[in-house]
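Here are a few notes to go with the model you asked about. Keep the picture open while you read, and look up each spot as you reach it.

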Amino acid sequence: MTLLLLSAALVVPATPPGDWRFVDETTRDGRSVVAFRTVELADAPTRPLDPSDKPPAGAKFGSVGVGPGGRQRLGVVWHAASSTLWFDENGDGRFSATERHSLADKPIETKIAISFGDGVKHERAVMIRRRGDGIAWAIRGYTIGNVTINGKKVAGMLTDGDADGCFDGAGADRVWLDLDGDGRFDALTEQFPLGTAISTDGAAFLIRPAPDGLQVQVRERPGENGTCGLMSFASPRPELRSYAQITLANSANWSS
Ligand SMILES: [Ca+2]
Ligand SMILES: [Ca+2]
């Protein structure tokens, strides 16, 4: 207890910049690490289309939100009967010839530039696929690197759980930590929702990534004063605790 409180003020040194990198893939160790999110569709667009953009009668309208807070909104037009998909990938409010697609069983993939704040911008691939009568999107890729926990270098991975392309969403995005050092990320015991304290070797930690997932801070904190924790640090069964966390997170996000 005393040790925990003393250690509360310590900040574990941040991982050196550049240690984390983006990997433009949909899977890791054979497991899908992208989460598709349903596009909310309406009968009319929230802002009028350009008069020369004439969608098929009966088309639905929505948008894909990316970047911090999902504030970078890219317009979508979807007409299920003709498999017509328009996606305003450059965000200019128009739907040019190259932004008009036919969406069959296979997802379409197209590149967009996402602004992560502070002038940081990266090109990312957005994937759009059918979901029921509607459509869903995901941003491809994850980041990997190392963090220092209890003085030990631990491999980590960040995955985007809410399809905004950012890796810092509390309760939505995930951090994976190879706590047992076997070179793999165990889905049950080494995957955690961001914003929850992670307990290992008697100490609890919070993982704080930058929005683009390319810089990660680790902060140590005691369980008694934790404001974000979903778990009890006193639990003698960490494996059950992790499982409960994951179950809780799975019931509340869009990753299906
Ligand atoms: Ca996210
Ligand atoms: Ca492992």
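1. Start with strand S11 (residues 120-131) and strand S12 (residues 134-139): they run antiparallel and are joined by six bridges. One spot to find is Met 127, which stands opposite Ala 138 in S12. Bear in mind that this is a predicted model.

2. Now zoom out to the sheet. That pair belongs to an open sheet of four strands, ordered S5-S12-S11-S10, with antiparallel pairing. Which strands stand at the edges? They are S5 (37-38) and S10 (108-117); each has a single partner strand, so one side of each has no neighbour in the sheet.

3. Next, have a look at the largest nonpolar core, which has 54 residues. The members touching the most others are Trp 137, Phe 205 and Ile 207. Domain 1 (2-34 + 142-250) and domain 2 (37-139) both supply residues, so this core lies between the two.

4. Trp 137 deserves a click of its own. Skipping neighbours within four places in sequence, its contacts include Phe 36, Arg 37, Val 39 and Val 64. Met 127, from point 1, is also among the contacts of Trp 137, and so is Ala 163.

5. Last stop: Gln 72, in strand S7 (residues 72-79). Is Gln 72 buried or partly exposed? It has 19 C-beta neighbours inside 10 Å, and being buried takes 20 or more, so Gln 72 counts as partly exposed. Beyond residues up to four places away in sequence, Gln 72 touches Gly 65, Val 66, Gly 67, Gly 91, Ile 114 and Ser 115. Its C-alpha atom is 9.9 Å from that of Ala 113, although Gln 72 and Ala 113 are 41 residues apart along the chain.

Note on methods:
Residues are numbered from 1 along each chain as its sequence is written. Chains are lettered from A and ligands numbered from 1 in the order in which they are written. This is a predicted model: local features need pLDDT of at least 70, side-chain atom pairs count only at pLDDT 80 or more; totals for chains, interfaces and linings use all residues. A nonpolar core is a set of buried Ala, Val, Leu, Ile, Met, Phe, Trp, Tyr and Cys residues joined through C-beta atoms within 7 Å. A residue is buried if 20 or more other C-beta atoms lie within 10 Å of its own, exposed if 12 or fewer, and partly exposed in between; C-beta atoms are placed from the backbone. Domain bounds come from an automatic or database domain assignment. Two residues are in contact if their C-beta atoms, placed from the backbone, lie within 7 Å. Helices (H or I, at least four residues) and strands (E, at least two) are DSSP runs, numbered from the N terminus. Two strands pair if DSSP finds at least two bridges between them.
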